[in-house]
Amino acid sequence: MKPFKLAALTPPAWVAMVEEDANALLSDHAHCELKAASTAQALLLKHRTNARLVDELSAMAAEEMAHFRQAVEALQARGGELGPVETNPYAERLLGESGPTRGAPLLDRLLIAGLIELRSLERFHLLAEGLGDPELAALYRGLIPSESGHQALFDRLARSLFDGALVERRQAELLAIEARVAREAPPGPRVHAGWATLEAAE
Ligand SMILES: [Fe+2]
Ligand SMILES: [Fe+2]
């Protein structure tokens with residue numbers, strides 16, 4: 001396991017919960033990729049005069065769409081189909097709970113997007129290492145370098161646009177919020193499912 005900068009790590013037992021319904025996991029994963037692409041596009045549009053943002057975020061949106069296709073293809077190969085859009089309680093609560101202490105809006109958007117990438121990356125590592133299905137494990141292993149690049153991109157963008165001390169301070173606040181929100185997210189076969197119920201079952 002890589003030494004992630006997250007304030008709380010997901011226990012490996014989490015994999016057994018999410019792999020109970022691999023098709024549901026893949027459908028949720030596909031939606032996460034689609035959402036990541038649209039987040040990159042929305043940020044790009046909002047800051048369309050910043051050539052660097054436009055360049056890096058358009059490349060990222062294209063990668064997220066390629067990941068979406070990979071997840072959908074894996075789902076279809078297993079006889080599944082893409083489910084309807086569902087709310088993502090983890091991402092919604094993270095955005096909502098960061099509000100009361102909100103920093104600069106763009107800084108928060110970049111840092112929260114980076115945190116969601118980082119948590120997803122942690123989950124992909126867990127899935128790559130713990131899934132019983134070798135094909136699915138390989139899918140997640142293959143996505144790791146790209147998702148790692150996205151997390152680094154958001155971090156780099158935040159540091160290039162804002163004062164370093166401000167970024168550090170805000171990132172520390174958001175890391176604490178994210179750890180609580182990730183742990184308490186609802187259980188189930190989803191990329192951002194929480195692990196609090198696993199602790200309660202021990
Ligand atoms: Fe992705
Ligand atoms: Fe990503």
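What spacing do the donors of the iron ion (ligand 2) follow along the chain? Here are some close-ups of a predicted model that go through that and its surroundings.

**View 1. The iron ion (ligand 2) and its protein donors.** The spacing is E-x52-E-x29-E-x2-H. Up close, the donors are Glu64 (OE), Glu117 (OE, listed twice), Glu147 (OE) and His150 (ND1), sitting 2.0 to 2.4 Å from the ion. A donor here is an N, O or S atom within 2.8 Å of the metal (3.2 Å for Na, K and Ca), and water isn't among the atoms, so a site may look incomplete. Glu64 belongs to helix 3 (residues 51-77) and Glu117 to helix 5 (residues 105-130), so this pair ties together parts 53 residues apart in sequence. Helices are DSSP runs of H or I, at least four residues, numbered from the N terminus.

**View 2. The iron ion (ligand 1) and its protein donors.** Glu33 (OE), Glu64 (OE), His67 (ND1) and Glu147 (OE) hold this one, at 1.9 to 2.2 Å. Along the sequence they read E-x30-E-x2-H-x79-E. The four donor atoms subtend angles of 91 to 137 degrees, which makes the arrangement irregular; four donors would pass as tetrahedral with all angles between 85 and 135 degrees, or as square planar with opposite donors over 155 degrees apart and all others between 65 and 115. Glu64 and His67 are three residues apart in helix 3, so about one helical turn separates them.

**View 3. Glu64 between the two iron ions.** The iron ions (ligand 1 and ligand 2) are 3.4 Å apart, and Glu64 coordinates both. Glu64 is buried, at 0% relative accessibility. His67 is buried too, at 6%, and so is Glu117, at 7%. Buried means under 20% relative accessible area (1.4 Å probe, protein chains only).

**View 4. Helix 6 against helix 7.** The axes of helix 6 (residues 134-161) and helix 7 (residues 164-184) come within 8 Å and cross at roughly 135 degrees. That makes the two helices oblique, the label for angles that are not under 35, over 145 or 65 to 115 degrees. Asp155, Ala158 and Arg159 of helix 6 meet Val167, Glu168 and Gln171 of helix 7, with contact meaning heavy atoms within 4.5 Å. Those residues split into two nonpolar, one polar and three charged.

**Notes for all views.** Residues are numbered from 1 along each chain as written, while chains are lettered from A and ligands numbered from 1 in written order. Local features need pLDDT of at least 70 and side-chain atom pairs 80 or more, whereas totals for chains, interfaces and linings use all residues; side-chain values use heavy atoms, without hydrogens or water.

Note on methods. Buried < 20%, exposed > 50% of the residue type's maximum accessible area, 1.4 Å probe, protein only. Axes fitted to C-alpha atoms, helices over the stretch in contact; angles between N-to-C directions. Nonpolar A, V, L, I, M, F, W, Y, C, P; charged D, E, K, R; others polar. Tetrahedral: all angles 85-135°; square planar, octahedral: opposite > 155°, others 65-115°.
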